[in-house]
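This briefing concerns the sheets of one structure and the helices packed against them. Please consult the sequence and the model shown here alongside the points that follow.

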Amino acid sequence: MDRIGVLLLNLGGPDSLEDVRPFLFNLFADPEIIRLPVPWLQKPLAWFISSRRVKVSQDNYRQIGGGSPLRQITEAQGAALAAQLQAQGRNTKVYVGMRYWHPFTEEAIAQIKRDEIEKLVILPLYPQFSISTTGSSFRLLEQLWQDDPELQSLTYTVISSWYQHPNYLNAMAQLIAAELDQFANPDPVHIFFSAHGVPLSYVAEAGDPYQKEIEDCTEKIMATLGRPNPHTLAYQSRVGPVEWLKPYTEDALAELGRSGVSQIVVVPISFVSEHIETLQEIDIEYREIAEEAGIHEFRRVPALNTHPQFIQALTDLVTDALDQPPKTFADVVQVGKTKIYPPERWEWGMTTAAEIWNGRLAMLGFLALLVELISGKGLLHFVGLL
């Protein structure tokens, strides 16, 4: 019997306040995040920005307990998935691979090799595909495969998008219903879906399917919920001088308040774990914006974390992937006209593959964003998914 492994992919986040600075350095030192004309500038720039921003970022993490809970939640999800697979008679080891903090993707792959795994399912914990999340992780893994002959003998299959899975939709609907039922009259309560944004150029120029998948996911969740509540979809965490997907969450909240809406349930639709973007940005910043706009009853749907039906969805995804012909990185990273890889490595600014802020910026745009990071508040949003 093959030794089977599952690799869960996520972005990562600092475990403690002491981890914030090296974590930020890892982010800024990645040439996929900031494109520079000369490679030797990458690490000095990363050191400079992380040094200037560490105190502000630490203050933000201090508001949510002193660090990101993402690692603990992801490991708990992995343990629950392994137990569910074991209950179905599949002896499978589950690994966690993060992009910018421990356990790094490279560390997970090294352990997979030590365990002599023979068949691997690669499952990103992003329900909807974006070139800035799933695509970025796949690029890294594909490079590891190309550079390591030992990995090339490992049979693997990748899952790129899974927001349509019935158990995922049911889990989301259950969590929303539980929050709605806290209101005396649930039917008129406005359901507010907030997804992480990406620059408009990702969709318009690079062909990123993210917006389409987010919109489709929203409608499928509402159909699964089966309630008459009005709903809105908006995008959070924009930063920098480029245009992002609209409507922006803060603008949509203000508009709802002006229209007389006073009760909302916020749904973090693109996240499956609690992290700084749900615990700080939504629960603190957007709650304040909503209250100032006249929305006085503000509830937020918790992230899926280890919800039983969500774990069942992950289990089904793994078992289905094992029972079907494998899909390689080449099968999923360049679907249709989606441009996964940066076409011109010499351009100044942000690559089309960059995480979180992303966006293709010319030299002036890059400098403006750098000034904002050093002097303003932009870093919170840079690490928004963490």
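An open sheet of four strands follows the order β6-β5-β7-β8, with parallel pairing. Its edges are β6 (231-236) and β8 (297-300); each has a single partner strand, so one side of each lacks a neighbour in the sheet. The twist from one strand to the next averages 25°. The model is predicted: local features need pLDDT of at least 70 and side-chain atom pairs count only at pLDDT 80 or more, whereas totals for chains, interfaces and linings use all residues. Residues are numbered from 1 along each chain as its sequence is written, and side-chain values use heavy atoms, leaving out hydrogens and water.

**Terms**
- Helices (H or I, at least four residues) and strands (E, at least two) are DSSP runs numbered from the N terminus.
- Two strands pair if DSSP finds at least two bridges between them.
- Axes are lines fitted to C-alpha atoms, for helices over the stretch in contact (heavy atoms within 4.5 Å), and angles between N-to-C directions run from 0 to 180 degrees.

**Sheet β6-β5-β7-β8**
- Strands β5 (residues 190-196) and β7 (residues 263-268) run parallel and are joined by five bridges.
- Isoleucine 191 stands opposite valine 265 in β7.
- Helix α7 (residues 166-180) lies across β5, β7 and β8, at about 155° to β7.

**Sheet β2-β1-β3-β4**
- Four strands in the order β2-β1-β3-β4 form an open sheet with parallel pairing.
- Its edge strands, β2 (92-98) and β4 (155-158), each pair on one side only.
- Seven bridges link β1 (residues 4-10) to β2 in the parallel sense, and leucine 8 stands opposite valine 96 in β2.
- Helix α4 (residues 105-114) crosses β1, β2 and β3 (119-124), running at about 155° to β2.
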